[in-house]
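I opened a fresh page for this one and kept my notes in the order I looked things up. Here is the structure to follow along with.

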Amino acid sequence: MQQVKGEASVNKLILLFVFDKMESPLSESNILDMCTSSNNWLSYMDCSALIKNLLDVGFICDVNSGGEPLYTITADGRMCLANYYVKIPTSTRAEISTFIKNNRTRYRKKQEFFSDYFKNKDGTYTVHLKIIESAQPLLELKLVVPSRQIAKNVYVGWENKGDEFYKTVFANLIDIGE
């Protein structure tokens, strides 16, 4: 898709269209990745400025209380999009729809399964793991591991194994059906 330069209103609509199609809150880093790095829908600088502008006018809002902001489209944003979405080129709408259909789960997992690690003074590593749903932590865990390689393995595996881990912990700690 060829980016429409200088068309601020169309670029705002493109961003609102992305929010609408995702159907879930997005972090700024995921928005920037989706719209600028993975695709050429917007320039990085325009996208970053548009997020702030759409927030200021009330077309998107931050639904996360604390932590990294998670943005979603508001009723006013949906109304604006409904009235003017035809200004977004049909090919761009199709490209965005296809991309989001194929990548929605990956972007949601990036936000829902947070992981990080850091080195402690004693040479061990702490791995911070979190599962977030509806902008609230479902599970938060810190593990101290003996090496950077183990910390890295836990960090990398969390996105794929976190859901199963949560189910196992939940089943073992809570008497379901009794």
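In what order do the three strands of the open sheet stand, and is the pairing parallel or antiparallel? I found the order β1-β3-β2, with antiparallel pairing. I am reading a predicted model here, and these notes should be taken that way.

**Entry: sheet edges.** I next checked the edges of the sheet. β1 (26–27) and β2 (60–62) stand there with a single partner strand each, so each has one side without a neighbour in the sheet. I then followed β1 to its partner, β3 (residues 70–73), and found two bridges joining the antiparallel strands. For S27, I noted L70 in β3 as the bridge partner.

**Entry: helix α6.** How far apart are the end C-alpha atoms of α6? I got 30 Å for this helix of 26 residues (148–173), whereas a straight helix at 1.5 Å a residue would reach 38 Å. I went looking for a bend and found one of about 70° at W158. W158 is also buried, and I wrote down A151, G157 and G162 of α6 as buried too.

**Entry: aromatic rings.** I counted the aromatic pairs and came to six. I looked at F99 and Y107 in detail: the ring centres are 6.1 Å apart and the planes are at 55°, so I logged the pair as tilted. The cut-off matters for that label, because an edge-to-face pair needs planes over 60 degrees apart. F99 and Y107 are both buried. Together with W41, F99 and Y107 form one aromatic cluster. I also checked the face of Y107 and found R106 lying over it, at 4.6 Å from the ring centre.

**Entry: cysteines.** How many disulfides does the structure hold? I found zero. Why is there no bond between C35 and C47? The closest cysteine sulfur to that of C35 is the one in C47, at 4.5 Å, which is too far for a bond. The cut-off I worked with is 2.5 Å between the sulfur atoms. I ran the check from the other end as well: for the sulfur of C47, the closest cysteine sulfur is in C35, at 4.5 Å. As for exposure, C35 is buried with a relative accessible area of 0%, and C47 is buried with a relative accessible area of 0%.

Key
Residues are numbered from 1 along each chain as its sequence is written. This is a predicted model: local features need pLDDT of at least 70, side-chain atom pairs count only at pLDDT 80 or more; totals for chains, interfaces and linings use all residues. Side-chain values use heavy atoms; hydrogens and water are left out. Helices (H or I, at least four residues) and strands (E, at least two) are DSSP runs, numbered from the N terminus. The expected span of a helix is 1.5 Å times one less than its number of residues. The bend at a residue is the angle between axes fitted to the seven residues ending there and the seven starting there. Buried means under 20% relative accessible area, exposed over 50%, partly exposed in between (1.4 Å probe, protein chains only). Rings of Phe, Tyr and Trp (its six-membered ring) pair if their centres lie within 6.5 Å; planes under 30 degrees apart count as stacked, over 60 as edge-to-face and the rest as tilted. A charge sits over a ring if NZ of Lys or CZ of Arg is within 6 Å of the ring centre and within 35 degrees of the ring normal. Two strands pair if DSSP finds at least two bridges between them.
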